[in-house]
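Please work through the following exercises with the sequence and the model side by side, trying each task before reading its solution.

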Amino acid sequence: MVTALITHADGLSHLTPTGHAEQVARLTAINDALADNQFADLSRLDAAVGTKAQVSLAHPARYYDKIAASVPNAGTVALDPDTYMSPGSLNAALRGVGGICQAVDLVVSGEAKNAFLAMRPPGHHAEKETAMGFCLFGTAAIGAKYALDHHDISRVAIVDFDVHHGNGTQDLVWDDDRIFFASTHQMPLYPGTGYAHETGAHGNVMNIPLNEGAAGDALINALNNQILPALTAHKPDLLIISAGFDAHKADPLAGLNFETETFAQATKLLCDFANEACDGRVVSTLEGGYDLHALARSVAAHVATLMEYS
Ligand SMILES: [Zn+2]
């Protein structure tokens, strides 16, 4: 089988002000890294445009309307001090939504063993009715709910190793006992949530705060000792990864010390788990990562590991 790479040039049309960390060059750097011959066997697909119905799997329909009405005619508009929209932003975000649903279809049908969605803006900070943290729509949670609604899937797990807490994903899945959400993140750090005592309405949320300066073994230990045992108990039919690479030691927005290799090791543990639990079904979606060189190398390590399992 194959690893699918789903992306779209519309991801380059979501513009943020000069100097903003979540910039077009992130996707360009990833595209350049994945153009290497090492990735020739990827099945490359254009992300479809997502629909209001897909967004509404996780957000109220009126929230979609609010975001659609916020698109500026020119320049950029700030939804909050961090989160901007340009004329191309709605379409870019909708390609992320369509892309995650496409990735779920491919992996659940067995057309692809696993898939990586390389789109921006990211998604894991978007709450039910609040765009924040560079994010407009909760891509990972939408993918999970789409899988549950459209396929013979009873349970989904989402693992988020972005350096920031996935508060949006947590908000979108809090009441849904079909979805288990686990997040590792630096604390204290934006957005300020993600305490270990935040466990979801059904015990379906696991937060593992990491201290500033923690190295990659903190993530590997969290996976081995806490997250993977909890995932084993949840028995997911599909694993979704919120793949943020801003816990890398070179990242300018945070203070963890992961190596590039940490992301390969974590991916390997998650794919080994998925092989045991759910026929290796893994859908991974890009979240953060703001040092362009570290981001490109970390994505390459992540995708190369996904390919080892396909
Ligand atoms: Zn982040």
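Helices are DSSP runs of type H or I with at least four residues, and they are numbered from the N terminus. Leu231 is found in one of them, helix H7. The model used throughout is a predicted one.

**Exercise 1. Determine whether Leu231 is buried or exposed, and list what it touches.**

Step 1. The cut-off comes first: a residue counts as buried when its relative accessible area is under 20%, and as exposed when that area is over 50%.

Step 2. The relative accessibility of Leu231 is 0%, so this residue counts as buried.

Step 3. Once residues up to four places away in sequence are set aside, Leu231 touches Ala157, Val159, Phe180, Pro236, Leu239 and Phe273.

Step 4. A distance can be added for Phe181: it lies 50 residues from Leu231 in sequence, while their C-alpha atoms are 9.1 Å apart in space.

**Exercise 2. Describe the surroundings of Pro229, and say which residues it touches.**

Step 1. Pro229 also has its place in helix H7, which covers residues 216-234.

Step 2. Its relative accessible area is 42%, and Pro229 is therefore partly exposed.

Step 3. With residues up to four places away in sequence left out, the contacts of Pro229 are Leu223 and Asn224.

Step 4. As a long-range check, the C-alpha atoms of Pro229 and Leu12 are separated by 39 Å, and the two residues are 217 positions apart along the chain.

**Exercise 3. Place Thr267 in its helix and find its contacts.**

Step 1. Thr267 belongs to helix H8, which covers residues 260-278.

Step 2. With a relative accessible area of 0%, Thr267 is buried.

Step 3. Not counting residues up to four places away in sequence, Thr267 touches His302, Thr305 and Leu306.

Step 4. His164, by comparison, is 103 residues from Thr267 along the chain, and their C-alpha atoms are separated by 18 Å.

**Exercise 4. Work out how many disulfides the chain has, and explain the result for Cys101.**

Step 1. A disulfide is a covalent bond between the sulfur atoms of two cysteines. The cut-off applied here is a pair of cysteine sulfur atoms within 2.5 Å.

Step 2. The closest cysteine sulfur to that of Cys101 belongs to Cys135 and lies 17 Å away, which is too far for a bond.

Step 3. Seen from the other side, Cys135 is in no disulfide, since its nearest cysteine sulfur, that of Cys101, is 17 Å away.

Step 4. The count by this rule is accordingly zero disulfides. As for their accessibility, Cys101 is buried with a relative accessible area of 2%, and Cys135 is buried with a value of 0%.

**Exercise 5. Find where cis peptide bonds occur before Pro121 and Pro188, and locate each proline.**

Step 1. Arg120 and Pro121 are joined by a cis peptide bond with an omega of about 5°. Pro121 is found in the loop between strand E5 (114-118) and helix H5 (139-150).

Step 2. Met187 and Pro188 are likewise joined by a cis peptide bond, with omega about 5°. Pro188 has its place in the loop between strand E7 (179-186) and strand E8 (205-210).

**Exercise 6. Examine the positive phi angles of Phe134 and Asp279, neither of which is a glycine.**

Step 1. Phe134 has a phi of about 75°, and its place is in the loop between E5 and H5. At 14% relative accessibility, Phe134 counts as buried.

Step 2. Asp279 has a phi of about 55°, and this residue sits in the loop between H8 and strand E10 (282-286). With a relative accessible area of 58%, Asp279 is exposed.

**Exercise 7. Judge whether the radius of gyration of the chain agrees with that of a compact globule or departs from it.**

Step 1. A compact globule of 310 residues would have a radius of gyration near 19 Å, and the 17 Å of the chain agrees with this.

Step 2. Along its principal axes the C-alpha trace spans about 50 × 40 × 35 Å, and 62% of the 310 residues count as buried.

Step 3. Among contacts with a separation of 6 or more, residues 24 or more positions apart account for 76%. The secondary structure of the chain consists of nine helices and 10 strands.

Technical notes:
Residues are numbered from 1 along each chain as its sequence is written. This is a predicted model: local features need pLDDT of at least 70, side-chain atom pairs count only at pLDDT 80 or more; totals for chains, interfaces and linings use all residues. Side-chain values use heavy atoms; hydrogens and water are left out. Helices (H or I, at least four residues) and strands (E, at least two) are DSSP runs, numbered from the N terminus. The radius of gyration is taken over C-alpha atoms; the globule rule is 2.2 Å times the number of residues to the power 0.38. Buried means under 20% relative accessible area, exposed over 50%, partly exposed in between (1.4 Å probe, protein chains only). Contact means heavy atoms within 4.5 Å.
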